[in-house]
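Q: I'd like a close look at one part of this structure, the site you would pick out yourself. Take it apart slowly for me, then tell me how it sits against the rest.

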Amino acid sequence: MTDLIPASKCPRCGRVVAPPIPFCPDHPAAMEPVSIDGYGEVVSFTTLHSPPAGFRSPLHLALVALDGGARLFCHGAETKGIRVGSRVAVEEVGQVYYFSHLGVLDRARLFWRRAGDRGETVAAIVKSAVKRVWRRGGDQDT
Amino acid sequence: MTEVWIAGAGMTRFGKRQESLPDLVAEAARAALGAAQLEAPEAIVVAAMNPEEFIGEGNFASQVATHMGYAHVPALRVETATSSGGAAVYVGFAAVAAGLHRSVLVVGGEKMTHLPTPRVSELIGRSIDPHERSYGATMPALAGLITRALIARTGVTLKEISQVAVKNHANGARNPYAHFQEPVSLDAVLESRVVADPLRLYHCCPISDGAAALVLTADPGSVRIAGIGQGTDTLAVRYRGSLVSFRATQEAARAAYRRAGFGPERVEVAEVHDAFAPFELIALEDLGLVPPGKAGRATLAGETALDGRLPINPSGGLKARGHPLAATGIAQIVEVFWQLMGEAGGRQVPARVGLAHSIGGLATNNWVTLLERVR
Ligand SMILES: [Zn+2]
């Protein structure tokens, strides 16, 4: 299976946030731990050519709405082919979340996996593709 | 509740200033007190976002009061990030409205230009959620995300966004207090350096020094504070459902209109928080001044220009007047007051009701203030 992303859910309003937090931002209610799939849609993205100290330039930054409800800030190796609404996979590498584009083939595989296919090999392919992209990115920010 | 009036307003020229922050604050305060013909206020509310880091000074309300010869006057400091000036007006308003004081001096300022730009960005960026900051999110980065989402979701164009900067520079060219007093062309904005794709340098407000002040009083005058409201949202941008409108603005506006007993239809001039040009378009719709989806076209059509149906940022806004953080929320109200009094010189527009809108952080703590000229 793909990496699961640790998150929190508010028992009162159902809001899901990531990374996990102790209290709902809009209710003084203790959050419940949940895990959500690392797939989602790009809400927006930008590239910084003069990022803050400690970050490599250019810095590709995206806000991704995960299918499980939470929105997550992610780094990326590039934004080529990415648009608002693009389907992406999100994966944690070295305690930093990275997004990568899901191509037509990946999306089809994901669909069949979701449709009930055993799909473990497919998920592994998607995942290793993601990992390859990030490893190629080398050491990211500190 | 006691009606609250503006007795006097003053500000320094914004821009790169050599004077110390206490000197700038005193300059603005003396101008406002002079206009109000008041020797000493009963209380002082000071706005400064971060004097500890910007100039290495603390206990700033006492420092300012002592510096101006008001060590005996009760003084306190208020802070809500980049909207600290708006918050200070609220506290002064509340003190007069509650009958605690007959007159309150509200003064705010910031001194930033002596520091290198990356250091200033880092200090302002501390008002961003720590997790998002750990990903390299800065104010321009978040504004870049918002700009792209705005273009994708609402159909606003980069040209319409850029026209905000062109208009505000044109207004600033008529304002002797403005940081920038020269017009810029649409091409110059569109060709300026990319800061946070698709946001460009000329879409962003400058780093400025300056101070602004108001004298609030219970004694009836010409212009009253008809309404004032605060709106809030999550510190983390990722907790929000939308990037293309600000709940904090909508709620602040709702509270201000409710208190005033009238809505956006009576507003004839407004100063809005255009720290980034697209924020002016978002504000126009969140404040109900322009129908949803129409802000870009209205701007391009000249409706918000000085001679338009609804002049927005006649001062030049944050873009051209400049943005010395805690001074800004007060300077906006100073401008609206001058407009209503007919004292706005070469940028005067006809208006009896005006609005000021200030954003704190990435729209986590916003203020809307309504002024009305009644006599
Ligand atoms: Zn909740």
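A: One cut-off before we start: a residue counts as buried when its relative accessible area is under 20%, taken with a 1.4 Å probe and protein chains only. Keep in mind, too, that this is a predicted model.

Let's go for the zinc ion. Its ligands are three sulfurs and one nitrogen, namely SG of Cys10(A), Cys13(A) and Cys24(A) plus ND1 of His27(A), at 2.1 to 2.4 Å. Written along the sequence, the donor residues follow the spacing C-x2-C-x10-C-x2-H. Cys10(A) belongs to the loop joining strand 1 (4-9) to strand 2 (16-17) of chain A, while Cys24(A) belongs to the loop from strand 2 to strand 3 (32-37), so this pair ties together parts that are 14 residues apart in sequence.

Now the geometry. The angles between the 4 donor atoms run from 105 to 122 degrees, and that makes the arrangement tetrahedral. The cut-off behind that call is that all angles lie between 85 and 135 degrees. For reference, the ideal angle for four tetrahedral donors is 109.5 degrees.

Back to that burial cut-off. Cys10(A) has a relative accessible area of 1%, so it is buried. Cys24(A) comes out at 5%, so it is buried as well.

How far should you trust chain A elsewhere? Its pLDDT averages 82, with 71% of the residues scoring at least 70. Two stretches call for care: over residues 117-125 of chain A pLDDT stays under 50, with 8 contacts beyond four places in sequence in the model, and over residues 135-142 of chain A it again stays under 50, with 10 such contacts. Where pLDDT is low, the predicted coordinates should not be read in detail.

Chain B averages a pLDDT of 98, and 100% of its residues score at least 70. For the complex, the predictor reports an ipTM of 0.94 and a pTM of 0.93.

As for the fold of that partner, chain B has 14 helices and 11 strands. Its radius of gyration is 19 Å, close to the 21 Å from the globule rule for 375 residues, so chain B is as compact as a globular protein of that length. The C-alpha trace of chain B spans about 55 × 45 × 40 Å along its principal axes, and buried residues make up 63% of the chain. Among the contacts in chain B with a separation of 6 or more, 77% are between residues 24 or more positions apart.

Inside, the largest nonpolar core holds 91 residues, and Val267(B), Leu287(B), Leu289(B) and Leu370(B) have the most contacts within it. Helix 7 (residues 139-154) of chain B supplies the largest share of this core, 8 residues. Apart from it lies another core, of 42 residues, including Phe14(B) and Leu214(B). Taking Leu287(B) up close, its contacts beyond four places in sequence include Thr249(B), Tyr257(B), Leu355(B) and Val368(B).

Thr249(B) also makes a handy yardstick: Tyr70(B) is 179 residues from it in sequence and 35 Å from it in space, C-alpha to C-alpha. Tyr70(B) is in the loop between helix 3 (60-67) and strand 3 (75-78) of chain B. With 11% relative accessibility, Tyr70(B) counts as buried. Beyond four places in sequence, Tyr70(B) touches residues including Leu33(B), Pro41(B), Ile44(B) and Ala65(B).

Technical notes: Residues numbered from 1 in each chain as written. Chains lettered and ligands numbered in written order. Predicted model: local features only at pLDDT ≥ 70, side-chain atom pairs only at ≥ 80, totals over all residues. Heavy atoms only, no water. pLDDT = per-residue confidence, 0-100. Donors = N, O, S within 2.8 Å, 3.2 Å for Na, K, Ca; no water. Tetrahedral: all angles 85-135°; square planar, octahedral: opposite > 155°, others 65-115°. Helix = DSSP H or I, 4+ residues; strand = E, 2+ residues; numbered from the N terminus. Buried < 20%, exposed > 50% of the residue type's maximum accessible area, 1.4 Å probe, protein only. Core = buried A, V, L, I, M, F, W, Y, C linked by side-chain atoms within 4.5 Å. Contact = heavy atoms within 4.5 Å. Rg over C-alpha atoms; globule rule 2.2 N^0.38 Å.
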